[in-house]
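Have a look at the sequence and the model below. Let's walk through a couple of spots together.

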Amino acid sequence: MNNNPYSWIEESLNTIHRADWYRSVQTINSPPGAVVFLSGQKMINFASNDYLGLAADDNLKMSAIEAIRQFGTGSTGSRLLTGDRQLHRELEQAIASTKQTEDAVVFSSGYLANVGTITALVGKRDIIFSDQYNHSSLKSGGILSGGTVIEYPHCDMTVLGKKLQEERQKYRRCLIVTDSVFSMDGDLCPLPNLLDLAEEFNSMLLIDEAHATGVMGKSGAGCVEHFNCTGRELIQIGTLSKALGSLGGYAAGSSALIDFLRNRAPSWIYSTALSPADTAAALAGINIVQKEPERRKRLWENVNYLQTVVKENLGKLKILPTQSPILCFELPDAGTALEVGKYLREEGIFAPAIRPPTVPTSRIRITIMATHNREHIDKLVDSLQRIS
Ligand code: PMP
């Protein structure tokens, strides 16, 4: 008998390498931005979720520094013990005001917000319907909840309707969960149809607005605003780490829901509160989202410009349908995606290859930011043109 219980780990790593699925980290030694230094090399950055360029904004930095001066670096405990600060409530009220919900609660990350909310709402006698392309944190929440999880084909409302018809009555409570902007494809969930189905089948609906907050909708409130569904009852989760330029996550909804999460979400109750610096930076970020719509305007001008030049110049590359600042070029396999990612790096462009098991098909994923300029985008298109 093999007497090393850890030897399988190296064997597994070798299998991952052989499939071209091995992931290694890239060290960025410069502030976040449209241009970064990656392992010492200057790169145009198409890999960041900092959609509005707030992660290096002076206002956010000064707010974080001031919060550290006043409250220190660590929040020292769970909100229910020693960690609660007025700053947390101010941030929660700002999120609720943007989302036009009764209340909100912040978690230490978007991942923890999804896991904590789903495990609080769902138990063994309940069922979850989950889009096949949902983010890993929604999937983990489903598994940890102990409820029955049924995945429906990506955005397929006909199949979801049929499954709800067949299964809903067998369970106590039902939760439909979906990304609103799909993180690895960039397309949108059909929110009005989901709300209708949730209503018809007496089901809760949870949407993950991680890539939508600050980006989608006239005021940047997210896909709920984009689809004109503000005020309809649902559960909105999001992150403070993408367009808001900080770190942390949130859940927003009715007062009863938020009160319930404060009493039942394990990742909120048993985890140290968001740090003063992250809280203050997120609060500054959300204020900028409300007061400086020109950042969002610049972001969408860049998205529209890239879409136009791609259509004119890169007809042969397979582009996945998108309605967001996330744009993906689908490639036949993981090896090709790695090769294209490497070629782009040599061209001074950082746009990573995303491969299974993160996504079903290999691709190059590009994210546009408000801080990109025309030359950055033209350089990307020019480099891609040479291999298309
Ligand atoms: N949901 C989605 C759709 C995401 O893309 C991410 C981040 N990759 C998360 C949740 C997790 O958010 P955080 O990074 O704040 O944990």
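What follows goes to the ligand site, then to one helix. Keep in mind that this is a predicted model.

Start with the ligand, which has 15 residues around it. The closest are Gly110, Asp208, His211, Thr239 and Lys242. Sort the shell by character and you get two nonpolar, ten polar and three charged residues. Helix H5 (residues 110-121) supplies the largest share of that shell, three residues.

Now for the polar contacts. A polar backbone atom of Gly110 sits 2.8 Å from an oxygen atom of the ligand, and one of Tyr111 is 3.0 Å from a ligand oxygen. Ser241 uses its side chain instead, with a polar atom 3.4 Å from an oxygen of the ligand. On its own the ligand has 390 Å² of accessible area, and the protein covers 82% of that.

Next, move along to helix H14 (residues 334-346). Does its length add up, or fall short? Its 13 residues should span 18 Å at 1.5 Å a residue, and the end C-alpha atoms are 18 Å apart, so the two agree. At the start of H14, a side-chain oxygen of Asp333 comes to within 3.2 Å of the backbone nitrogen of Gly335. Just past the other end, Gly348 has a positive phi of about 85°.

Which residues of H14 are buried? They are Ala334, Gly335, Ala337, Val340, Gly341, Tyr343 and Leu344. An α-helix has 3.6 residues a turn, so residues three or four places apart point the same way. The buried residues of H14 pack against strands S12 (349-350), S13 (353-354) and S14 (363-367), along with helix H15 (374-385).

How values were computed: Residues numbered from 1 in each chain as written. Predicted model: local features only at pLDDT ≥ 70, side-chain atom pairs only at ≥ 80, totals over all residues. Heavy atoms only, no water. Helix = DSSP H or I, 4+ residues; strand = E, 2+ residues; numbered from the N terminus. Expected span 1.5 Å × (residues − 1). Buried < 20%, exposed > 50% of the residue type's maximum accessible area, 1.4 Å probe, protein only. Contact = heavy atoms within 4.5 Å. Polar contact = N/O pair within 3.5 Å; in protein donor to acceptor, adjacent residues only side chain to side chain. Near = heavy atom within 4 Å. Areas by Shrake-Rupley, 256 points an atom, 1.4 Å probe, with all protein chains shown as cover. Nonpolar A, V, L, I, M, F, W, Y, C, P; charged D, E, K, R; others polar.
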